[in-house]
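This report covers charged pairs, one helix face and a loop position in a predicted model. Please keep the structure open while reading.

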Amino acid sequence: MPSLHPRASSSPADLQPPSTAAGTPGIWRRMACWLYEGLLLFAVVFVAGWLFSTLGQMRDAMDTRRPLFQAFLFVVFGIYFTVFWSRGQTLAMKTWKLRLVDRQGRTPSQGRALVRYLLSWVWFLPPLAAIHALPFKVSGGEVTVLLTGWVLVWALLARFHPQQQFWHDAWAGTRIVDATSPPR
C-alpha cells in the first residue's frame, strides 16, 4: 500500500550526504582529501628525491642543483596528477569518494588533467611570489601563515562559484563530484 506522506518513500538520492551544490561534495570533505593527498605525496617526493639525488650524486640539500631538483619535482607531480586525474581519481580521492570529471561528466582527458595541474598551482604561487618580492627576510613561521592564509582564502572563494567548485577547476573545465554516483 503506497504511503500518503510524500517523503515516506526514500530513494538512494535521498540517502546521500548533503552537499553544497548538486553533486558537489562539501568544502570540508574536499579539503580533507586535499590534506590527505599532501600526506601521500611525501612518498612520491621521497622516491623522486632518492632517484634524483642518487643519479645526480647530490650530497646535501644545499647543493647548487636545488632549483633543478625543484623543477624535477614539478614534473614528477605533473605526471602523477595527470595520470591519476585522467583516470578520474587519485588514491586520496578514492579514499574520500571523490571523482574528477569534465563539464560533460566524463573522465577528463590527459590534456585537460594537465591544464588542471598547472592551474592548481594558484593554491601556492601567489603567496610564494609575494614572499620572494618582499624587500625584507620572512621567517619560516610567517611563510607558513601566508601560505595557510592564502589556501583558506582560495578555498573559501569556491563559495562564489555557482556550483561551489574551486576556481582552478572552473578554468580547467573540470569538477569534483561525489564518487558514489556512477560515471557517465
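## A buried charged pair

R116 and D169 are both buried. They form a salt bridge, with the closest N and O atoms 2.4 Å apart. The pair links distant parts of the chain. R116 sits in helix α4 and D169 in helix α7, 53 residues apart.

## The buried side of α4

Which residues of helix α4 are buried? Helix α4 spans residues 110-119, and its buried residues are A113, R116 and Y117. They lie on the same side of α4, because they cover an arc of only 100° around the axis. The spacing fits a general rule: an α-helix has 3.6 residues a turn, so residues three or four places apart point the same way.

Several elements cover these buried residues of α4. Among them are α2 (66-85), β1 (98-102), α7 and β2.

## The other salt bridges

The count of salt bridges comes to 3. R29 and D178 form one of them, their closest N and O atoms being 3.3 Å apart. This pair also links distant parts of the chain. R29 belongs to helix α1 (residues 27-55) and D178 to strand β2, with their positions 149 residues apart. D178 counts as buried because its relative accessible area is 11%, under the 20% cut-off.

D102 and R106 meet in a salt bridge through their side chains, at 3.7 Å from N to O. Is D102 buried or exposed? D102 is buried, with a relative accessible area of 7%. R106 has a relative accessible area of 45%, so R106 is partly exposed.

## A buried arginine without a salt bridge

R175 lies in strand β2, which runs over residues 174-178. R175 is buried, yet has no salt bridge. Why does D169 not serve as its partner? D169 is the nearest side chain of opposite charge, but it is 8.3 Å away, and a salt bridge must fall within 4 Å.

R175 does have a polar contact. Its side chain meets the side chain of Q163 at 3.5 Å.

## The loop before α7

L157 is found in the loop between α6 (140-156) and α7 (167-172). Its relative accessibility is 28%, so L157 counts as partly exposed. How far apart are L157 and W167 in space? Their C-alpha atoms are 7.6 Å apart, while the two residues are 10 apart in sequence.

Notes. Residues numbered from 1 in each chain as written. Predicted model: local features only at pLDDT ≥ 70, side-chain atom pairs only at ≥ 80, totals over all residues. Heavy atoms only, no water. Helix = DSSP H or I, 4+ residues; strand = E, 2+ residues; numbered from the N terminus. Buried < 20%, exposed > 50% of the residue type's maximum accessible area, 1.4 Å probe, protein only. Lys, Arg positive; Asp, Glu negative; His and termini not counted. Polar contact = N/O pair within 3.5 Å; in protein donor to acceptor, adjacent residues only side chain to side chain. Arc of directions from axis to C-beta. Contact = heavy atoms within 4.5 Å.
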